[in-house]
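Colleague: I have a model open on my screen and I'd like to learn how to read it. Could you walk me through it, one feature at a time?

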Amino acid sequence: MTQSPHISINKGIYIQNIYSKISDCIRDGNSALIRKLIRQALDGQTPALEILNRGLIPGMAEISVLFKNNEIYIPEVLVAANAMDAGIELLRPVLAQNTGSYIATVVIGTVKGDLHNIGKDLVAIMLEGAGFRVIDLGVDVPPETFVRAAQKYSAQIVAVSALLTTTMRMMKYTLDELQAAKLSPHIHTLIGGAPVTARFAQLIGADGYAEDAVSAVDEAKRLMNI
Ligand code: B12
């Protein structure tokens, strides 16, 4: 039976409403309500990626603008980041589902001196969902820890995140350490984070760059010749 146009328009408005409520929850730091809304949306068969891209990400983008304009401060940003994390945790099992066999192993982390984890976590989740084995080293990761993990897990890709202009240079040190370690076979490096550009990636000799989590998957596949 085909759905009546009224029902589908109403459903569209309802979903749109959920997206904007999810965004509001990020701003208000309301983790409890965000969990409830995401469960509702998932129960209603809303794709997890849509919830991420149309609810959570715009919510965090709003926070970024408010923070930049000094309309909110670190404590509010932290509360918003916690709500974002609460939402991501619910989407993780859906986004990171994979078939069981791995394309390749990726070691990922945020560079030393940098505590931003949200974007790096999203990249990790999307890579996992696309069939990569992901070893997440967390935040504030020194170059030598990247090298040791790459060796230990026989990684094919090392993915490095930085969100501060002051920690971008740590990406170069990390890549230099990886190169100096002469790991064999050659490890591909993939970098990203809000201040990072393709030009910067080229400048420091990274093999790949992506501006968001979805294109990070394409870029990782390109590096693996898939
Ligand atoms: C949340 C946040 C925080 C939170 C972090 C909480 C957490 N658990 O992560 C807290 C409050 C702790 C924080 C602290 C600080 N922050 Co802050 N923070 C932000 C904010 C508002 C949002 C970042 C975020 O989560 N975005 C959402 C995610 C989804 O986007 P994303 O991180 O960009 O990730 C995407 C892409 O970049 C890409 N990507 C990310 N990583 C990778 C990795 C790879 C391999 C690839 C391929 C792609 C990729 O894919 C992701 C998904 O699509 C940004 C604003 C901004 N415009 O970025 C400021 C911002 C990054 N912070 C800033 C500053 C200044 C700080 C502090 C120095 C503030 C202070 N005075 O203490 C401290 C630094 C602490 C430290 N040592 O790291 C500045 C940086 C300015 C600069 N030019 O360097 C920004 C830009 C805000 C601003 N406009 O002033 N911050």
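**Reading helix pairs, domains and a ligand shell**

Modeller: Sure, and keep in mind that this is a predicted model. Let's start with a helix pair: the axes of α3 and α4 come within 11 Å and cross at roughly 165°.

Colleague: How do I read that angle: are α3 and α4 roughly parallel or antiparallel?

Modeller: Angles over 145 degrees count as roughly antiparallel, so α3 is roughly antiparallel to α4. As for handedness, α3 passes α4 in a left-handed crossing.

Colleague: And which residues make the contact between α3 and α4?

Modeller: From α3, they include Leu 49, Leu 52, Leu 56, Met 60 and Phe 67. On the α4 side, look for Val 77, Ala 80, Met 84, Ile 88 and Leu 91, among others. By class, that contact has 15 nonpolar residues, one polar and no charged.

Colleague: Let's try another pair. How do α4 and α5 cross?

Modeller: Their axes come within 10 Å, at an angle of roughly 5°. Angles under 35 degrees count as roughly parallel, so that is how α4 runs relative to α5. Here Ala 81, Met 84, Ile 88, Arg 92 and Leu 95 of α4 meet a set in α5 that includes Ile 118, Asp 121 and Leu 122. The contact of α4 with α5 has eight nonpolar residues, one polar and two charged.

Colleague: Now zoom out for me. What domains is the chain divided into?

Modeller: Domain 1 covers 5–95 and domain 2 covers 105–223. Their C-alpha centres lie 26 Å apart. To read how they touch, look at the residues on either side: six residues of domain 1 are in contact with six of domain 2. On the domain 1 side, α4 gives the most, with five residues. That side has five nonpolar residues, no polar and one charged.

Colleague: Where does the ligand lie relative to the two domains?

Modeller: The trick is to ask who supplies its shell. Domain 1 and domain 2 both give residues to the shell around the ligand, so the ligand lies between them.

Colleague: Which residues around the ligand come nearest?

Modeller: Of the 37 around it, those are Ile 118, Gly 119, Ser 161, Gly 192 and Asp 212. Elements giving two or more residues to the shell include α3, α5, β3 and β4. The largest share, six residues, comes from α3.

Colleague: And how does that shell divide into nonpolar, polar and charged residues?

Modeller: There are 23 nonpolar, ten polar and four charged residues around the ligand.

Methods. Residues numbered from 1 in each chain as written. Predicted model: local features only at pLDDT ≥ 70, side-chain atom pairs only at ≥ 80, totals over all residues. Near = placed C-beta within 6 Å. Helix = DSSP H or I, 4+ residues; strand = E, 2+ residues; numbered from the N terminus. Nonpolar A, V, L, I, M, F, W, Y, C, P; charged D, E, K, R; others polar. Domains from an automatic or database assignment. Contact = placed C-beta atoms within 7 Å. Axes fitted to C-alpha atoms, helices over the stretch in contact; angles between N-to-C directions. Parallel < 35°, antiparallel > 145°, perpendicular 65-115°, else oblique. Left-handed = near helix turned anticlockwise from the far one by under 90°.
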